[in-house]
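Biologist: I've got a model open and I'd like to learn how to read it. Could you walk me through it, one feature at a time?

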Amino acid sequence: MESGPAIFAGTAFALFGAALLLWTGGRLLHREPVVHGMRPAVATTAVTLSGVVFLALGVWCFGRM
């Protein structure tokens with residue numbers, strides 16, 4: 001019973017982190033801006049770091065079960 005919220009949170013975090021990394025990679029592959037109004041290097045670093053953090057949170061939630 002207690003693993004239900006961990007499964008939901010882990011799935012949500014992992015899917016969002018993976019989707020964010022895939023989206024960022026697609027934007028970079030097509031040489032399109034990742035975030036409008038920011039320097040490309042800063043935007044890419046911030047979004048990639050966020051994606052990795054969300055993916056790690058998902059793995060952590062799955063590890064807590």
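Modeller: Sure, let's start with a single residue and see what it touches. Setting aside neighbours within four places in sequence, Thr24 is in contact with Val34, Val47 and Thr48. Keep in mind that this is a predicted model.

Biologist: Where does Thr24 sit, and is it buried or exposed?

Modeller: Thr24 is part of helix α1. Its relative accessibility is 2%, so it counts as buried, the cut-off being under 20%.

Biologist: Which residues of α1 are buried along with it?

Modeller: The general idea helps here: an α-helix has 3.6 residues a turn, so residues three or four places apart point the same way. Now the case in hand: the buried residues of α1 are Ala6, Gly10, Ala14, Gly17, Leu20, Thr24 and Arg27.

Biologist: And what do those buried residues pack against?

Modeller: They pack against α2, which covers residues 40-63. You can look at it from the other side too: α1 is included in what covers the buried residues of α2. Those α2 residues are Ala43, Thr44, Val47, Gly51, Gly58 and Cys61.

Biologist: Can you show me another contact from the α1 side?

Modeller: Take Ala6, which also lies in α1. With residues up to four places away left out, Ala6 touches Cys61 and Met65. Ala6 has a relative accessible area of 19%, so it falls under the 20% cut-off and counts as buried.

Biologist: How far is Ala6 from Val34?

Modeller: Their C-alpha atoms are separated by 31 Å, with the two positions 28 residues apart along the chain.

Biologist: How do I judge the length of a helix?

Modeller: Compare the distance between its end C-alpha atoms with the span expected at 1.5 Å a residue. Helix α1 runs over residues 3-29, which makes 27 residues. From first C-alpha to last it reaches 38 Å, close to the expected 39 Å. For α2, the 24 residues should span 34 Å, and the end C-alpha atoms are indeed 34 Å apart.

Biologist: What about distances inside α1?

Modeller: Try Trp23 and Ser3: they are 20 residues apart in sequence and 30 Å apart in space, C-alpha to C-alpha. Trp23 lies in α1, and at 41% relative accessibility it counts as partly exposed.

Biologist: Let's do aromatics. How many aromatic pairs are there?

Modeller: The count comes to 2 aromatic pairs. One of them is Phe16 with Phe54, an edge-to-face pair at 4.9 Å centre to centre, with 85° between the planes. Phe16 belongs to α1 and Phe54 to α2, so the pair ties together parts that are 38 residues apart in sequence.

Biologist: Are those two rings buried or partly exposed?

Modeller: Phe16 is partly exposed, with a relative accessible area of 44%. Phe54 also counts as partly exposed, at 27% relative accessibility. Together with Phe13, Phe16 and Phe54 form one aromatic cluster.

Biologist: Which residues make up the nonpolar surface patch?

Modeller: Leu49, Val53, Leu57 and Trp60 make it, and the patch is about 400 Å². As an example, Val53 lies in α2 and is partly exposed, with a relative accessible area of 44%.

Biologist: How about charges? How many salt bridges do you count?

Modeller: The count is 1 salt bridge. Arg27 forms it with Glu32, and the closest N and O atoms are 2.9 Å apart. To qualify, a side-chain nitrogen of Lys or Arg has to be within 4 Å of a carboxyl oxygen of Asp or Glu, so this pair makes the cut. On the two partners, Arg27 is among the buried residues of α1, whereas Glu32 is partly exposed at 37% relative accessible area.

Biologist: Last one: which residue just after α1 has a positive phi?

Modeller: That's Arg31, with phi of about 55°. A backbone check like this flags positive values in residues other than glycine, and Arg31 is such a case. Arg31 lies in the loop between α1 and α2. At 79% relative accessibility, Arg31 counts as exposed.

Biologist: Great, I'll go back to the model and find each of these myself.

Notes: Residues numbered from 1 in each chain as written. Predicted model: local features only at pLDDT ≥ 70, side-chain atom pairs only at ≥ 80, totals over all residues. Heavy atoms only, no water. Buried < 20%, exposed > 50% of the residue type's maximum accessible area, 1.4 Å probe, protein only. Helix = DSSP H or I, 4+ residues; strand = E, 2+ residues; numbered from the N terminus. Expected span 1.5 Å × (residues − 1). Contact = heavy atoms within 4.5 Å. Patch = residues over 30% accessible without salt bridge, like charges linked within 9 Å, V, L, I, M, F, W, Y side chains within 5 Å. Areas by Shrake-Rupley, 256 points an atom, 1.4 Å probe, with all protein chains shown as cover. Phe/Tyr/Trp six-rings, centres within 6.5 Å; stacked < 30°, edge-to-face > 60°.
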